[in-house]
Amino acid sequence: MNRDVIARVIDAQELDARDDPRGEFIRVQCALRGRLGVGDFHELRAIEAELLMEHLTRWLGTAVAVRAYRGVFREGSLDDLGKVPVDLFVQHAEAIFAEHPVRRLNLQDVDSDSVEALRSLACMAQLTHLSIEGRSDGRPGDTILERLSTAPWLSSIESLRVAYSRFSATGVAALASSEALVMLRELGLRSCRLDDDSARALSGETSLGRCQVLHLTDNNLTDAGAEALAHNTGLRSLRVLSLGKNLIADAGVAALASSEALVTLRKLDLHGNNISDAGARSLAGSVALASLESVDLYGCYRFEPATLRALEEGF
């Protein structure tokens with residue numbers, strides 16, 4: 001049992017002494033972190049759900065103002081606010097963070113003005129995981145990334161995911177080169193209409209040397225973008241690369257398969273691309289990607305039986 005759990009169990013005992021049901025809730029959630037039989041697990045889950053149904057609104061406190069009814073409690077504390085409209089969050093952030101040890105947040109309908117408002121919130125330094133979803137109105141959103149890259153609290157973020165906006169290489173370069181990304185381990189730029197120049201921006205002088213997970217799903221990357229990533233020596237710690245639902249074909253896959261820069265890669269997602277049997281064979285026979293354990297090619301062309309066997313044997 002780690003120190004955090006021990007501290008929470010002590011908190012639970014103090015709450016029990018006051019007949020506060022939050023004590024039982026903490027003990028249940030702490031127990032769910034341990035090794036349990038199937039029966040015990042389901043029993044504790046049922047107790048957890050019953051307690052939340054009865055006390056959720058009261059336990060949310062000021063977080064009710066941002067409609068955080070799908071927030072996630074961990075070890076009895078509100079850890080993840082879930083999806084929250086950014087305008088409401090800006091209004092109530094200081095009060096919520098003063099009351100709860102929130103570390104995870106998903107902000108909706110974000111634009112450059114709301115990012116500017118977020119930059120001034122000192123309480124954001126409490127976060128470790130931040131997801132941002134744009135307004136999907138088709139307008140260029142480079143200012144979002146440019147302002148985000150200079151946020152004083154960015155240095156505490158371990159996971160940053162941005163989706164449903166439109167960025168060019170200018171915005172991507174501003175974020176990737178931010179000196180504040182000292183803790184970043186995961187970066188996602190999903191459904192952001194990224195092109196090959198954006199992939200090259202990720203491949204220049206960046207601050208992504210510690211990044212282990214890179215999600216670039218549902219963009220406009222072609223073989224040239226895949227090749228830029230394949231030659232990106234700045235991604236020296238990368239373990240997971242998601243390139244699903246782009247425009248990558250066999251040449252891009254061949255570049256990835258022969259990459260000497262992605263030698264630490266363990267999982268590669270290429271689902272929904274224009275990959276034929278030749279591209280799949282290059283992955284199956286890859287020597288450079290010796291650490292690769294998993295490849296997702298769902299939704300690509302139908303492969304020959306021999307290629308499928310080689311993929312199954314390799315991954």
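**Helix packing and the sheet in a predicted model**

Helix 11 passes helix 12 in a left-handed crossing. The structure described here is a predicted model. Helix 11 spans residues 277–284, and helix 12 spans residues 305–314. Their axes come within 9 Å and cross at roughly 30°. Angles under 35 degrees count as roughly parallel. Helix 11 and helix 12 are therefore roughly parallel to each other. From helix 11, the contact draws on D277, A280, R281 and A284. These residues meet T307, A310 and L311 in helix 12. By class, the contact of helix 11 with helix 12 has 4 nonpolar, 1 polar and 2 charged residues.

A further helix pair lies earlier in the numbering, with helix 2 at residues 22–32 and helix 3 at residues 38–60. The axes of helix 2 and helix 3 come within 10 Å and cross at roughly 140°. That angle makes helix 2 oblique to helix 3. The crossing of helix 2 past helix 3 is left-handed. On the helix 2 side, the contact involves R22, E24, F25, V28, Q29, A31 and L32. On the helix 3 side, the partners are F41, L44, R45, I47, E48, L51, L52 and W59. Sorted by class, the contact of helix 2 with helix 3 has 10 nonpolar, 1 polar and 4 charged residues.

F25 of helix 2 also takes part in an aromatic pair, with F73 in strand 1. The model has 3 aromatic pairs. In the pair of F25 and F73, the ring centres are 5.6 Å apart and the planes stand at 80°, so the pair is edge-to-face. F25 and F73 are 48 residues apart, and their pair links distant parts of the chain.

Attention now turns to the sheet. An open sheet is formed by 10 strands. Their order is 1-2-3-4-5-6-7-8-9-10, and the pairing is mixed. Strand 1, at residues 72–74, is one of the edge strands. The other is strand 10, at residues 294–296. Each edge strand pairs on one side only. Neighbouring strands of this sheet are turned by 5° against each other on average, direction ignored.

Strands of a sheet pair through backbone hydrogen bonds, either parallel or antiparallel. Within this sheet, strand 4 covers residues 129–134, and strand 5 covers residues 159–163. Strand 4 and strand 5 pair in the parallel sense over 5 bridges. S131 stands opposite R161 in strand 5.

Notes. Residues are numbered from 1 along each chain as its sequence is written. This is a predicted model: local features need pLDDT of at least 70, side-chain atom pairs count only at pLDDT 80 or more; totals for chains, interfaces and linings use all residues. Side-chain values use heavy atoms; hydrogens and water are left out. Axes are lines fitted to C-alpha atoms, for helices over the stretch in contact, and angles run from 0 to 180 degrees between N-to-C directions. Helices (H or I, at least four residues) and strands (E, at least two) are DSSP runs, numbered from the N terminus. Angles under 35 degrees count as roughly parallel, over 145 as roughly antiparallel, 65 to 115 as roughly perpendicular and the rest as oblique. A crossing is left-handed if the near helix is turned anticlockwise from the far one by less than a right angle, and right-handed if clockwise. Contact means heavy atoms within 4.5 Å. Ala, Val, Leu, Ile, Met, Phe, Trp, Tyr, Cys and Pro count as nonpolar, Asp, Glu, Lys and Arg as charged, and the others, Gly among them, as polar. Two strands pair if DSSP finds at least two bridges between them. Rings of Phe, Tyr and Trp (its six-membered ring) pair if their centres lie within 6.5 Å; planes under 30 degrees apart count as stacked, over 60 as edge-to-face and the rest as tilted.
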